[in-house]
Amino acid sequence: MHPTGKIIMSDDNINPAATTAARTLFRAAVGGVLVAHGTQKLFGWFGGGGIEETSKGMHAMGFRPGKTSAMLAGIGEAGAGLALALGFATPAAGAAAATTMGVAASVHAPNGFFAMDGGLEYPAVLGLAATSFAIGGPGRVSLDALTGHVLDRPWMRAVAVAAIPVAIGVQIYRRRKALAADNMPEASATPVEEGSTEPARTTAPPLEHMQDQ
């Protein structure tokens, strides 16, 4: 501490080179993990199911249409992950990855927190990591830095971060709406006799059938 009472940070505590290296390593690791998961969905790499199997899973979880949702999820992970790893268009890449992981976390939330129980731990951590880069930028060793931060302006970071919860909320709402429609009993219409002016009547399913659902 300085005699005047001010705290002096020494070079031992602040090392720009070490900070840059740590940020670059973490960014590349997060981006690489996202690329791996995205290519599982898109191409079936690394033991993944590819588009067809992923589409079925997406449909079952309430993301409709299933194939479009599978492609968006795969691109959101692989595309955004690659951009993060390279440090390119970091605000948009971070927001896209964070949105995809945020929606995934909402699916896992009913299972609790820990990943070993199928909880939201894993996607939540990846989403928060992606958000941190959308906020703080990619660092010196990045394509954004090399191109003069053309796609990494402060206002872009603010817009990207603000868009994350909105995009997640929209996807969660659409999923819940689709699942609610799946659970809604379908009414059967009574055909109208030819020449009749009376409207068609609907008959609700028997009570016993509704209780079995």
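This is a short talk on the helix packing, aromatic pairs and a few single residues of one chain.

Morning, everyone. One caution first: this is a predicted model.

Start with the overall picture. The chain has 213 residues, and 31% of them are buried. Its secondary structure comes to 8 helices and 2 strands. Read along the sequence, the pattern is α-α-α-α-α-α-α-β-β-α. Now contacts. Take those between residues at least 6 apart in sequence: 58% of them join residues at least 24 apart.

Next, helix packing. I'll begin with α1, residues 16–43, against α3. The two axes come within 7 Å and cross at roughly 155 degrees. Over 145 degrees counts as roughly antiparallel, so that is the label for α1 and α3. Their crossing is left-handed. Who makes the contact? On the α1 side, the list includes Arg27, Ala28, Gly31, Leu34 and Val35, and it runs on to Lys41 and Leu42. On the α3 side, we have Met71, Ala73, Gly74 and Ile75 among them, along with Leu84, Ala85 and Leu86. By type, the contact residues divide into 12 nonpolar, 6 polar and 3 charged.

Stay on α1, but turn to α5. Here the axes come within 11 Å, and the crossing angle is roughly 130 degrees. How do α1 and α5 lie relative to each other? They are oblique, because 130 degrees falls outside the parallel, antiparallel and perpendicular ranges. Again, the crossing is left-handed. From α1 come Arg23, Phe26, Arg27, Val30, Val33, Leu34 and His37. They meet Tyr122, Leu126, Ala129, Phe133 and Gly136 of α5. The split is 8 nonpolar, 2 polar and 2 charged. Note that Arg27 and Leu34 of α1 appear in the contact with α3 and also in the contact with α5.

On to the rings. The count comes to 3 aromatic pairs. One of them is Phe26 with Phe133, a tilted pair: 5.6 Å centre to centre, 40 degrees between the planes. Phe26 sits in α1 and Phe133 in α5, residues 121–136, so the pair ties together parts 107 residues apart in sequence. Are the two partners buried or exposed? Phe133 is buried, at 4% relative accessible area. Phe26 is partly exposed, at 44%.

Another pair is Phe43 with Trp45. Their ring centres are 4.9 Å apart and the planes stand at 35 degrees, so this pair is tilted. Trp45 has a relative accessible area of 47%, which makes it partly exposed.

Last, two serines. Where does Ser69 sit? In helix α3, residues 66–86. Its relative accessible area is 14%, so Ser69 is buried, the cut-off being under 20%. Leaving out residues up to four places away in sequence, Ser69 touches Met58, Phe63 and Arg64.

The other serine is Ser106, in helix α4, residues 90–108. At 22% relative accessibility, Ser106 is partly exposed. Which residue do I pair with Ser106 here? Leu120, 14 residues apart along the chain, with the two C-alpha atoms separated by 7.2 Å.

To recap. Helix α1 is roughly antiparallel to α3 and oblique to α5. The pair of Phe26 and Phe133 links α1 with α5. And Ser69 is buried, whereas Ser106 is partly exposed. Over to you for questions.

Notes: Residues numbered from 1 in each chain as written. Predicted model: local features only at pLDDT ≥ 70, side-chain atom pairs only at ≥ 80, totals over all residues. Heavy atoms only, no water. Helix = DSSP H or I, 4+ residues; strand = E, 2+ residues; numbered from the N terminus. Buried < 20%, exposed > 50% of the residue type's maximum accessible area, 1.4 Å probe, protein only. Contact = heavy atoms within 4.5 Å. Axes fitted to C-alpha atoms, helices over the stretch in contact; angles between N-to-C directions. Parallel < 35°, antiparallel > 145°, perpendicular 65-115°, else oblique. Left-handed = near helix turned anticlockwise from the far one by under 90°. Nonpolar A, V, L, I, M, F, W, Y, C, P; charged D, E, K, R; others polar. Phe/Tyr/Trp six-rings, centres within 6.5 Å; stacked < 30°, edge-to-face > 60°.
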